[in-house]
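Visitor: Could you walk me through this structure? I would like to ask about its parts as we go.
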Amino acid sequence: MKALITGATKGIGRAIAVKLCKEGYDVVLAARNLNELEKLRDELSVFESAVFIYAADCSVKQEVYDLLQYIEGEIGFIDVLVNNVGAFLPGILLDELDETFENQQQINVNAGYYISKLIGKKMRTNHSGHIFNICSVASNAPVKNGGSYSVTKAAMLSLNHVLRQELAPHNVKVTAFLPGSTKTSSWDGTTIPDEKFVQPEDIAEVLYTILNLSKGVNVDEVLITPLDF
(Lines give C-alpha, C1' and ligand atoms only; values in the text may rest on other atoms or scores of the structure.)
Protein backbone atom coordinates (compact mmCIF):
# COMPACT_ATOMS: atom_id res chain seq x y z
CA MET A 1 0.00 0.00 0.00
CA LYS A 2 1.27 3.45 -0.93
CA ALA A 3 0.33 6.81 0.54
CA LEU A 4 1.00 10.35 -0.67
CA ILE A 5 1.18 13.01 2.03
CA THR A 6 1.56 16.71 1.22
CA GLY A 7 2.96 19.13 3.76
CA ALA A 8 4.67 16.07 5.18
CA THR A 9 7.59 17.45 7.20
CA LYS A 10 5.74 19.19 10.02
CA GLY A 11 2.78 18.86 12.33
CA ILE A 12 -0.13 16.76 11.14
CA GLY A 13 1.56 15.61 7.94
CA ARG A 14 4.63 14.43 9.78
CA ALA A 15 2.59 12.54 12.38
CA ILE A 16 0.63 10.78 9.62
CA ALA A 17 3.85 9.89 7.79
CA VAL A 18 5.33 8.34 10.93
CA LYS A 19 2.15 6.40 11.70
CA LEU A 20 1.68 4.99 8.21
CA CYS A 21 5.35 4.02 7.91
CA LYS A 22 5.17 2.29 11.27
CA GLU A 23 2.16 0.33 10.02
CA GLY A 24 3.88 -0.82 6.84
CA TYR A 25 2.76 1.71 4.24
CA ASP A 26 5.20 2.93 1.61
CA VAL A 27 4.98 6.71 1.60
CA VAL A 28 5.59 9.57 -0.80
CA LEU A 29 6.37 12.71 1.18
CA ALA A 30 5.96 16.11 -0.46
CA ALA A 31 6.97 19.46 1.02
CA ARG A 32 8.89 22.60 0.03
CA ASN A 33 12.11 22.06 1.96
CA LEU A 34 14.34 19.30 0.59
CA ASN A 35 16.62 19.30 3.65
CA GLU A 36 13.66 18.70 5.96
CA LEU A 37 12.40 15.95 3.66
CA GLU A 38 15.78 14.23 3.70
CA LYS A 39 15.96 14.47 7.47
CA LEU A 40 12.50 12.94 7.85
CA ARG A 41 13.36 10.18 5.39
CA ASP A 42 16.40 9.34 7.50
CA GLU A 43 14.30 9.24 10.67
CA LEU A 44 11.80 6.91 9.00
CA SER A 45 14.55 4.52 7.89
CA VAL A 46 14.05 2.59 11.15
CA PHE A 47 10.87 1.17 9.58
CA GLU A 48 10.79 -1.35 6.73
CA SER A 49 8.61 0.87 4.55
CA ALA A 50 9.90 2.56 1.40
CA VAL A 51 10.09 6.34 1.71
CA PHE A 52 10.10 8.57 -1.37
CA ILE A 53 10.55 12.33 -1.11
CA TYR A 54 9.75 15.15 -3.51
CA ALA A 55 10.35 18.87 -2.96
CA ALA A 56 7.54 20.99 -4.38
CA ASP A 57 6.06 24.39 -3.58
CA CYS A 58 2.33 23.70 -3.69
CA SER A 59 1.58 27.38 -4.25
CA VAL A 60 3.04 26.96 -7.77
CA LYS A 61 0.81 25.04 -10.18
CA GLN A 62 3.66 23.77 -12.33
CA GLU A 63 5.48 22.34 -9.32
CA VAL A 64 2.33 20.47 -8.31
CA TYR A 65 2.07 19.12 -11.85
CA ASP A 66 5.73 18.09 -11.72
CA LEU A 67 5.02 16.20 -8.49
CA LEU A 68 2.12 14.40 -10.15
CA GLN A 69 4.27 13.52 -13.16
CA TYR A 70 6.90 12.07 -10.82
CA ILE A 71 4.29 9.95 -9.07
CA GLU A 72 2.84 8.73 -12.34
CA GLY A 73 6.25 7.83 -13.75
CA GLU A 74 8.10 6.56 -10.68
CA ILE A 75 5.62 5.52 -8.01
CA GLY A 76 2.49 4.14 -9.64
CA PHE A 77 -0.87 3.72 -7.96
CA ILE A 78 -1.51 5.67 -4.77
CA ASP A 79 -3.85 3.89 -2.34
CA VAL A 80 -4.12 6.72 0.19
CA LEU A 81 -3.95 10.45 -0.53
CA VAL A 82 -3.60 12.91 2.35
CA ASN A 83 -4.15 16.49 1.20
CA ASN A 84 -2.53 18.12 4.20
CA VAL A 85 -0.53 21.06 2.84
CA GLY A 86 -1.93 24.37 4.06
CA ALA A 87 -1.18 27.97 4.91
CA PHE A 88 -2.62 30.33 7.50
CA LEU A 89 -2.01 34.02 6.92
CA PRO A 90 -3.85 35.99 9.60
CA GLY A 91 -5.62 39.20 8.80
CA ILE A 92 -8.88 41.04 8.26
CA LEU A 93 -10.32 40.18 4.85
CA LEU A 94 -11.41 43.76 4.12
CA ASP A 95 -7.96 45.14 4.89
CA GLU A 96 -5.61 42.50 3.50
CA LEU A 97 -3.73 42.49 0.21
CA ASP A 98 -5.28 40.46 -2.61
CA GLU A 99 -2.15 38.30 -2.57
CA THR A 100 -3.00 37.12 0.95
CA PHE A 101 -6.14 35.47 -0.36
CA GLU A 102 -4.59 34.30 -3.63
CA ASN A 103 -1.64 32.58 -1.94
CA GLN A 104 -3.86 30.73 0.52
CA GLN A 105 -6.23 29.74 -2.26
CA GLN A 106 -3.35 28.24 -4.25
CA ILE A 107 -2.10 26.21 -1.29
CA ASN A 108 -5.29 25.41 0.62
CA VAL A 109 -7.59 24.69 -2.33
CA ASN A 110 -5.96 24.56 -5.75
CA ALA A 111 -3.16 22.15 -4.84
CA GLY A 112 -5.66 19.67 -3.41
CA TYR A 113 -7.85 20.11 -6.47
CA TYR A 114 -5.04 19.33 -8.93
CA ILE A 115 -3.74 16.38 -6.93
CA SER A 116 -7.15 14.89 -6.20
CA LYS A 117 -8.19 15.06 -9.85
CA LEU A 118 -5.29 12.98 -11.13
CA ILE A 119 -5.11 10.51 -8.28
CA GLY A 120 -8.90 10.40 -7.95
CA LYS A 121 -9.25 9.39 -11.60
CA LYS A 122 -6.86 6.49 -11.07
CA MET A 123 -8.70 5.46 -7.91
CA ARG A 124 -11.97 5.59 -9.87
CA THR A 125 -10.52 3.31 -12.53
CA ASN A 126 -9.08 0.95 -9.93
CA HIS A 127 -12.26 0.97 -7.80
CA SER A 128 -10.22 1.46 -4.65
CA GLY A 129 -8.51 4.14 -2.60
CA HIS A 130 -9.06 6.67 0.15
CA ILE A 131 -8.64 10.45 0.05
CA PHE A 132 -8.24 12.42 3.27
CA ASN A 133 -8.59 16.21 3.19
CA ILE A 134 -7.20 18.04 6.22
CA CYS A 135 -9.60 20.93 6.52
CA SER A 136 -10.27 22.96 9.69
CA VAL A 137 -12.98 24.03 12.09
CA ALA A 138 -12.77 27.22 10.01
CA SER A 139 -14.34 25.22 7.18
CA ASN A 140 -17.65 25.44 9.05
CA ALA A 141 -17.37 28.77 10.86
CA PRO A 142 -14.99 31.70 10.25
CA VAL A 143 -12.17 32.13 12.74
CA LYS A 144 -11.44 35.59 14.06
CA ASN A 145 -8.64 37.38 12.20
CA GLY A 146 -8.58 34.61 9.62
CA GLY A 147 -10.85 35.88 6.86
CA SER A 148 -9.22 34.51 3.72
CA TYR A 149 -8.08 31.38 5.54
CA SER A 150 -11.67 30.63 6.52
CA VAL A 151 -12.88 31.18 2.95
CA THR A 152 -10.29 28.79 1.53
CA LYS A 153 -10.88 26.12 4.15
CA ALA A 154 -14.63 26.30 3.48
CA ALA A 155 -13.82 25.77 -0.20
CA MET A 156 -11.63 22.79 0.68
CA LEU A 157 -14.48 21.18 2.58
CA SER A 158 -16.74 21.75 -0.42
CA LEU A 159 -14.11 20.08 -2.63
CA ASN A 160 -14.13 17.16 -0.20
CA HIS A 161 -17.92 16.81 -0.50
CA VAL A 162 -17.80 16.84 -4.31
CA LEU A 163 -15.03 14.24 -4.38
CA ARG A 164 -16.97 12.00 -2.02
CA GLN A 165 -20.13 12.29 -4.12
CA GLU A 166 -18.35 11.53 -7.39
CA LEU A 167 -16.11 8.73 -6.10
CA ALA A 168 -18.44 6.81 -3.79
CA PRO A 169 -20.09 4.86 -6.67
CA HIS A 170 -16.58 3.66 -7.59
CA ASN A 171 -15.77 2.26 -4.15
CA VAL A 172 -13.40 5.14 -3.33
CA LYS A 173 -13.66 6.69 0.12
CA VAL A 174 -13.26 10.39 0.94
CA THR A 175 -12.94 11.81 4.46
CA ALA A 176 -12.56 15.36 5.76
CA PHE A 177 -10.73 16.14 9.00
CA LEU A 178 -11.80 19.35 10.75
CA PRO A 179 -9.27 19.89 13.53
CA GLY A 180 -9.49 22.63 16.09
CA SER A 181 -6.37 24.14 17.68
CA THR A 182 -3.61 21.59 17.02
CA LYS A 183 -0.10 21.75 18.50
CA THR A 184 1.91 22.42 15.36
CA SER A 185 4.75 24.82 14.55
CA SER A 186 2.25 27.64 14.10
CA TRP A 187 1.92 27.66 17.89
CA ASP A 188 5.67 27.87 18.57
CA GLY A 189 6.38 30.15 21.49
CA THR A 190 2.95 29.84 23.06
CA THR A 191 2.65 29.53 26.82
CA ILE A 192 -0.55 27.50 26.51
CA PRO A 193 0.10 24.00 27.89
CA ASP A 194 0.16 21.04 25.49
CA GLU A 195 -2.87 19.41 27.05
CA LYS A 196 -4.99 22.30 25.79
CA PHE A 197 -4.32 21.28 22.18
CA VAL A 198 -5.19 18.49 19.82
CA GLN A 199 -1.94 16.63 19.16
CA PRO A 200 -0.94 15.79 15.57
CA GLU A 201 -0.55 12.17 16.67
CA ASP A 202 -4.23 12.12 17.65
CA ILE A 203 -5.19 12.90 14.08
CA ALA A 204 -2.78 10.28 12.72
CA GLU A 205 -4.24 7.61 15.01
CA VAL A 206 -7.81 8.41 13.99
CA LEU A 207 -6.87 8.42 10.31
CA TYR A 208 -5.28 4.98 10.59
CA THR A 209 -8.33 3.66 12.45
CA ILE A 210 -10.55 4.90 9.62
CA LEU A 211 -8.35 3.12 7.07
CA ASN A 212 -9.08 -0.15 8.84
CA LEU A 213 -12.86 0.08 8.99
CA SER A 214 -15.01 -2.28 6.95
CA LYS A 215 -15.16 -1.95 3.18
CA GLY A 216 -18.72 -0.62 3.04
CA VAL A 217 -18.39 2.28 5.47
CA ASN A 218 -17.20 5.85 4.86
CA VAL A 219 -16.39 8.33 7.61
CA ASP A 220 -17.55 11.57 6.02
CA GLU A 221 -16.12 14.08 8.50
CA VAL A 222 -14.03 14.02 11.66
CA LEU A 223 -14.46 17.04 13.92
CA ILE A 224 -11.65 16.88 16.47
CA THR A 225 -11.18 19.74 18.93
CA PRO A 226 -9.47 20.42 22.26
CA LEU A 227 -11.50 19.39 25.28
CA ASP A 228 -11.22 22.81 26.94
CA PHE A 229 -9.21 25.36 24.96
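Visitor: How many residues does H5 have, and how far does it reach?
Guide: In this predicted model, H5 has 21 residues. From its first C-alpha to its last it reaches 31 Å, which is close to the 30 Å expected at 1.5 Å a residue.

Visitor: And which residues of H5 are buried?
Guide: Among them are Tyr 149, Met 156, Leu 157, Leu 159, Leu 163 and Leu 167. The list also includes Ser 148, Lys 153, Asn 160 and Arg 164.

Visitor: What do they pack against?
Guide: The buried residues of H5 pack against the strands E4, E5, E6 and E7, and against helix H4. H5, residues 147-167, lies across those four strands and runs at about 160° to E6.

Visitor: Let us turn to the sheet. In what order do its strands come?
Guide: The sheet is open and has seven strands, in the order E3-E2-E1-E4-E5-E6-E7, with parallel pairing. E3 and E7 stand at the edges with a single partner strand each, so one side of each has no neighbour in the sheet. From one strand to the next, the twist averages 15°.

Visitor: What about E5: is it covered or open?
Guide: E5 is mostly covered, as five of its five residues are buried. His 130, Phe 132 and Ile 134 point one way from the strand, while Ile 131 and Asn 133 point the other way.

Visitor: How is E5 joined to E4?
Guide: The two strands pair in the parallel sense over four bridges. Leu 81 stands opposite Ile 131 in E5. The chain passes from E4 through H4 to E5, and this β-α-β crossover is right-handed.

Visitor: And which way does the crossover from E5 to E6 go, right-handed or left-handed?
Guide: E5 and E6 pair in the parallel sense over five bridges, and Asn 133 stands opposite Ala 176 in E6. The chain crosses from E5 to E6 through H5, and this β-α-β crossover is right-handed.

Visitor: What happens between E2 and E3?
Guide: E2 and E3 run parallel and are joined by five bridges. Val 28 stands opposite Phe 52 in E3. Helix H2, residues 34-43, packs on the sheet and touches E2 and E3. The direction of H2 makes about 175° with that of E3.

Visitor: Another helix, then. How many residues are in H3?
Guide: H3 covers residues 61-75, which makes 15 residues. Its reach from first C-alpha to last is 20 Å, close to the 21 Å expected at 1.5 Å a residue.

Visitor: Which of its residues are buried, and why do they line one face?
Guide: The buried residues of H3 are Val 64, Leu 67, Leu 68, Ile 71 and Ile 75. Seen down the axis of H3, these buried residues fall within an arc of 95°, and they therefore line one face of the helix.

Visitor: What covers that face?
Guide: The cover over the buried residues of H3 includes the strands E1, E2 and E3 as well as helix H4.

Visitor: Which residues are exposed on the other side of H3?
Guide: Gln 69, Gly 73 and Glu 74 are exposed there.

Visitor: Last one: what comes just after H3?
Guide: Gly 76 follows just after H3, and Gly 76 takes a positive phi of about 90°.

Methods:
Residues numbered from 1 in each chain as written. Predicted model: local features only at pLDDT ≥ 70, side-chain atom pairs only at ≥ 80, totals over all residues. Heavy atoms only, no water. Expected span 1.5 Å × (residues − 1). Buried < 20%, exposed > 50% of the residue type's maximum accessible area, 1.4 Å probe, protein only. Arc of directions from axis to C-beta. Contact = heavy atoms within 4.5 Å. Pairing = 2+ DSSP bridges. Axes fitted to C-alpha atoms, helices over the stretch in contact; angles between N-to-C directions. Right-handed = clockwise from strand over helix to strand, strands pointing away.
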